[in-house]
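This report walks through a single chain, beginning with one residue and widening to the chain as a whole. Please keep the sequence and the model open beside the text.

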Amino acid sequence: MNQGQSLKKSINNYYFEEKKELKEKLKKGYSQMAELNLELAQESFQADKNTLQNLY
């Protein structure tokens with residue numbers, strides 16, 4: 001393997017690892033926020049439902 005191929009392989013490995021770490025961080029973040037997002041969605045749904053009931 002020549003120097004150019006070695007550099008390319010190193011860059012690809014670095015990119016792959018960074019991408020993998022980012023996916024894990026995003027997955028963890030979305031999981032942590034899931035309960036809050038559900039609560040907010042339920043509150044918004046209830047507010048919309050109340051608004052519609054008051055209109056008719």
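K9 counts as partly exposed because its relative accessibility is 48%, where buried means under 20% relative accessible area, exposed means over 50%, and partly exposed lies in between (1.4 Å probe, protein chains only). This is a predicted model, in which local features need pLDDT of at least 70 and side-chain atom pairs count only at pLDDT 80 or more, while totals for chains, interfaces and linings use all residues. Residues are numbered from 1 along each chain as its sequence is written, and side-chain values use heavy atoms, with hydrogens and water left out.

K9 is found in helix α1, and the chain has one helix and zero strands; helices (H or I, at least four residues) and strands (E, at least two) are DSSP runs, numbered from the N terminus. Helix α1 covers residues 3-55 and includes L26, and both G29 and E39 also have their place in it. The relative accessibilities of these residues are set out below.

| Residue | Relative accessibility | Class |
|---|---|---|
| L26 | 44% | partly exposed |
| G29 | 25% | partly exposed |
| E39 | 37% | partly exposed |

Distances between C-alpha atoms help to place these residues along the chain. K9 and L26, which are 17 residues apart along the chain, are separated by 26 Å, whereas G29 and Q42, 13 residues apart in sequence, lie 20 Å apart. For E39 and K8, with their positions 31 residues apart in the chain numbering, the separation is 47 Å.

The overall dimensions can be read alongside these distances. The C-alpha atoms fill a box of roughly 75 × 20 × 5 Å along the principal axes, and the radius of gyration is 23 Å, against near 10 Å for a compact globule of 56 residues. That radius is taken over C-alpha atoms, and the globule rule is 2.2 Å times the number of residues to the power 0.38.

Turning to the surface, 0% of the 56 residues count as buried. The chain exposes about 5700 Å², of which carbon and sulfur atoms supply 57%, with areas computed by the Shrake-Rupley method with a 1.4 Å probe, only the protein chains shown counting as cover for residues.

As for charge, the chain has 9 positive and 8 negative side chains, and the centres of the two sets lie 13 Å apart. Lys and Arg count as positive and Asp and Glu as negative, while His and the chain ends are not counted; each charge is placed at NZ of Lys, CZ of Arg, CG of Asp or CD of Glu.
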